[in-house]
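Q: Could you take me through one part of this model at close range? I would enjoy one connected account that starts from a single residue and works outwards.

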Amino acid sequence: MSKRFESNMLLSTHTVVKQLFAVTILIITFSTFVFSEEDNTVNSNQKVTTEFIYRRLIGVAKILEENFATGDKVFAQPKADEEMFEGRDGWNFFSKKAVVVESRQHLLELLGVGEDLSGLSKGQLALLDVYDTSNSPDYKEFMNYAGKTKPFQSSSDNKIIVELADASGVAEQASIDADRCASLNADDSDALRRALWPHANEDGIFIGSPVYEEYTVNPAKSTFLHEVQHTTQEDPGGEYGLNGKHCYDERLGNDKNSESGLKTAYTEGQADWRGLRSKIDDRSLLESRLDEIAFQKKYDEYTVFKAWDKSITADDLLHI
Ligand SMILES: [Zn+2]
């Protein structure tokens, strides 16, 4: 065999190897795509990261002028280090510019405390609890799962952005800054909670502090894990029917789309599973829900069986 022929052989072997390699990559890419269409997860080591943003709300923006024909509202201009923030239900706030949280220490500084947490309100402690949850085994388990789900596989940055909105000083601000901040009365506190209600959407997670000011038992960890589970679903936050809210009638399906209730039952059930199993009390609630099967006879009248009761037939279950 001549030297020249040998080198040609080597060259062509090298080319074949290269082509095989390219084909292999194509097969892997293609099979990953096909598999992800069949299930919500794929085999991948893709990592998801979490970024926390802290937002301190200053006050509820007072409406200075309103055009009732167009619905346009005029507010005072935010100051240099501020921005406007729009909550739900048309609530507008002045807010300090949102800041990326670099560490737990940094978050404590933003909340205005050191190691002594006694100065924090219940709502602020809940925001800290959410941050701490991101270092818990429950969250690590979630992240391992999230990286394999379709929404994260198709995302370009694989990042969950969690916005922690601190409204702890909002109600008092009107007396200090009456020219531009609206005063709140007792009836408004429920509306404030709803305007800053924790939720998930395609941008990430939003956790507002007001709802936690009321609770004696802090459920922020469960809420956070509930909401992050939604980010792995096809349409985070969009499953609640026409106005995008958590309403019980919409959970059951609405007139325009009766099947939407079925989708919501699935997505909410999945999110509750992730959220409730993370705390011992909530976990027992979750287990008790799975413990029995109730057949409704008439309104408010049920026959309850243990889930494993042999007298329940497959036929009975298909009629639930
Ligand atoms: Zn939910």
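Does threonine 232 count as buried or exposed, and how many C-beta neighbours does threonine 232 have inside 10 Å?

A: Happy to. One thing to keep in mind throughout is that this is a predicted model. Threonine 232 counts as buried, because 25 C-beta neighbours lie inside 10 Å, and the cut-off for a buried residue is 20 or more. You will find threonine 232 in a loop, the one between H9 and helix H10 (248-251). If we set aside residues up to four places away in sequence, threonine 232 touches Ala146, Thr149 and Pro151. Alanine 271 is 39 residues from threonine 232 along the chain, yet their C-alpha atoms are separated by 9.7 Å.

That brings us to helix H9 itself, which covers residues 220-230. Of the 11 residues of H9, 11 are buried, so this helix is largely enclosed by the rest of the structure. The buried set includes nonpolar side chains such as Phe224, Leu225 and Val228. Charged and polar residues are on the list too, among them Lys221, Glu227, His226 and His230.

Glutamine 229 is a good residue to pause on, as it also lies in helix H9. Glutamine 229 counts as buried because it has 23 C-beta neighbours inside 10 Å. Leaving out neighbours within four places in sequence, the contacts of glutamine 229 are with Gln270, Ala271, Arg274 and Gly275. Glutamate 268 is 39 residues away from glutamine 229 in sequence, and the C-alpha to C-alpha distance between them is 9.2 Å. Ala271 thus turns up twice: as a contact of glutamine 229 and, through its C-alpha atom, 9.7 Å from that of threonine 232.

Now for a helix that H9 packs against. Helix H3 (residues 122-133) and H9 have axes 8 Å apart, at an angle of about 55 degrees. H3 and H9 are therefore oblique to each other, and their crossing is right-handed. On the H3 side, the meeting residues are Ala126, Asp129, Val130 and Thr133, while H9 brings Ala220, Lys221, Phe224 and Leu225. Sorted by class, the residues of this contact are five nonpolar, one polar and two charged.

From H3 we can step on to helix H2 (residues 104-111). The axes of H2 and H3 come within 11 Å and cross at roughly 165 degrees. The two helices are therefore roughly antiparallel to each other, and this crossing is right-handed as well. H2 makes the contact through Arg104, Leu107 and Leu111, and H3 does so through Gln124, Leu128 and Tyr131. Here the classes are four nonpolar, one polar and one charged. H3 has another link to follow: glycine 123 is 8.2 Å from glutamate 214, C-alpha to C-alpha, although the two are 91 residues apart in sequence. Glutamate 214 belongs to helix H8 (residues 210-214) and is exposed, with 11 other C-beta atoms within 10 Å.

Val130 of H3 takes us from the contact with H9 to the core. In soluble globular proteins, nonpolar side chains tend to be buried together. The largest nonpolar core of this model has 41 residues, and the members that touch the most others are Leu57, Val130, Val162, Leu164, Ala165, Ile205 and Ile207. Strand S1 (residues 49-60) gives the most to this core, with five residues. Leucine 57, not counting residues up to four places away in sequence, touches Phe85, Phe93, Ser95, Ala165, Asp166, Ala167 and Val170.

Two of those partners, Phe85 and Phe93, fall in strands S4 (82-86) and S5 (92-96), and the loop between these strands holds aspartate 89. Aspartate 89 is exposed, with 12 other C-beta atoms within 10 Å. Most residues other than glycine have a negative phi. Aspartate 89 has a positive phi, near 60 degrees.

To set all this in its wider frame, the chain has 13 helices and 11 strands. Buried residues make up 24% of its 320 residues, and threonine 232 is one of the buried ones. Of the contacts between residues at least 6 apart in sequence, 65% join residues at least 24 apart.

Terms used. Residues numbered from 1 in each chain as written. Predicted model: local features only at pLDDT ≥ 70, side-chain atom pairs only at ≥ 80, totals over all residues. Core = buried A, V, L, I, M, F, W, Y, C linked by C-beta atoms within 7 Å. Helix = DSSP H or I, 4+ residues; strand = E, 2+ residues; numbered from the N terminus. Contact = placed C-beta atoms within 7 Å. Axes fitted to C-alpha atoms, helices over the stretch in contact; angles between N-to-C directions. Parallel < 35°, antiparallel > 145°, perpendicular 65-115°, else oblique. Left-handed = near helix turned anticlockwise from the far one by under 90°.
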